[in-house]
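User: Hi! I'm new to reading protein structures, so could we go through this one together in plain words?

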Amino acid sequence: MPATKPKSAPRRTTIRSAVEDCMADGVCAEAVVARLALHLQTGIRAAELAKIVLEIIPANARDAERLQEIAGLLRRKPDVFATLRATGAAVRHTRDEGETGAAVVTRLASSFDAAAAISETASVQLASLGDEERLSATTDEVVAWLKQQDFSGTHRDILDIGCGIGRFEHALSNSFNRMIGIDISSRMISIASERCAALGNVELRQTSGLDLSEFDNGSFDCVLAVDSFPYLVLAGMAEGHFDEIARVLKRPGWLALLNYSYRGSLSWDRADIGRLAEAHQMRVVINGEKPFRSWDGEVFLLARGGGTLLRAASSDVEPEAPKSGTDPKEESMAPGGKKHRQREAAWR
């Protein structure tokens with residue numbers, strides 16, 4: 001009678017494949033652990049996952065080093081991996097058939113409340129592993145990039161869409177005239193209010209998430225949206241928010257959009273951004289680059305009206321239109337899908 005493989009063999013093969021997918025674009029070990037927490041919504045424990053990680057044959061020396069780092073993180077922080085899974089599971093990245101955009105926003109508001117109750121830091125960036133110092137380091141890296149683009153300035157008023165726990169309000173507080181952070185999560189706004197209580201030039205508001213109707217035309221020099229547009233794409237409200245952003249921006253004005261969607265296709269995102277920019281007389285200055293070491297976010301910088309930015313319009317890769325008959329929304333947001341595994345969803 002031929003020998004049979006143990007029942008656990010297919011499961012281990014599946015997990016090894018998931019690890020390799022999560023490592024595919026060369027992100028740091030912490031981001032891989034975060035992706036695994038999103039993808040492996042099973043009963044696997046960190047110690048078992050660490051063993052399977054070390055069974056993988058690396059393609060090169062760098063992969064060998066990352067596999068060791070990933071296994072080491074899982075062994076040293078087993079409770080953290082469980083927390084990341086719980087935080088990730090609190091937010092469902094799919095849309096029910098017949099679910100309205102407004103219903104999606106209402107559901108997400110409760111989900112973000114739940115995620116923040118599990119871990120304040122992981123709720124806005126899973127790759128922080130729930131560690132405040134790591135979150136601060138990643139936030140500082142994004143802030144340095146914004147300053148490099150001349151996005152901030154002590155004379156400028158900034159709107160932060162999806163401000164989460166107020167990390168950018170706090171980190172940029174000496175670099176703007178006024179900043180208003182809005183979010184649909186009451187719990188996140190409460191946390192942000194505590195963190196920014198001493199900052200006189202910061203205002204935080206819970207918002208409906210449906211539009212920017214509370215703001216007048218030409219109210220802001222800059223609009224910042226870090227990991228908020230993926231949820232607007234999910235709710236079918238991304239185009240409407242582009243209308244609103246163009247309305248509230250001054251001329252000249254700038255939009256820094258970090259992650260447009262979680263569809264896993266940069267070409268789709270570039271195509272959408274290019275179309276929306278043209279429709280709203282905006283210029284794409286940075287077109288979906290990945291400038292950060294500690295976070296895998298894709299950045300877009302758009303300019304409205306006149307003014308000078310540090311960089312000329314960039315489109316190093318031409319947008320590739322979705323294939324006929326393919327609806328990117330069908331593949332959007334599902335943490336279990338291969339497309340989603342290419343990016344760590346850092347809520348905000």
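User: Is Cys 163 buried or exposed?
Analyst: Let's start with the yardstick: buried means under 20% relative accessible area, exposed means over 50%, and partly exposed is in between, using a 1.4 Å probe and protein chains only. This is a predicted model, where local features need pLDDT of at least 70, side-chain atom pairs count only at pLDDT 80 or more, and totals for chains, interfaces and linings use all residues. Residues are numbered from 1 along each chain as its sequence is written, and side-chain values use heavy atoms, leaving out hydrogens and water. Cys 163 has 2% relative accessibility, so the verdict is buried.

User: Which cysteine sulfur is nearest to that of Cys 163, and how many disulfides are there in the whole structure?
Analyst: A disulfide here is a pair of cysteine sulfur atoms within 2.5 Å. For Cys 163, the nearest cysteine sulfur is 8.0 Å away, and Cys 163 is in no disulfide. That nearest sulfur belongs to Cys 196, and the disulfide count for the whole structure is 0.

User: What about Cys 196, buried or exposed?
Analyst: Cys 196 is in no disulfide either. Its relative accessibility is 5%, so Cys 196 counts as buried.

User: How many residues of strand β4 are buried?
Analyst: Helices (H or I, at least four residues) and strands (E, at least two) are DSSP runs, numbered from the N terminus. Strand β4 covers residues 220–226 and is largely enclosed by the rest of the structure. The buried count for β4 is 7 of the 7.

User: Which strands pair with β4?
Analyst: Two strands pair if DSSP finds at least two bridges between them. One partner pairs with β4 in the parallel sense over 4 bridges, with Ile 161 opposite Ala 225. Another, spanning residues 249–258, pairs in the parallel sense over 6 bridges, and there Leu 224 has Ala 256 as its bridge partner. Those partners are β1 and β5.

User: Which helix does the chain pass through from β2 to β3?
Analyst: β2 and β3 pair in the parallel sense over 5 bridges, with Gly 181 opposite Leu 204. The β-α-β crossover between them is right-handed: with the strands pointing away from the viewer, the path from the first strand over the helix to the second runs clockwise. The helix on the way spans residues 186–195 and is α10.

User: How many residues of helix α2 are buried?
Analyst: Helix α2 runs over residues 29–39 and is mostly covered. Its buried residues include Val 32, Arg 35 and His 39. The count is 10 of its 11 residues.
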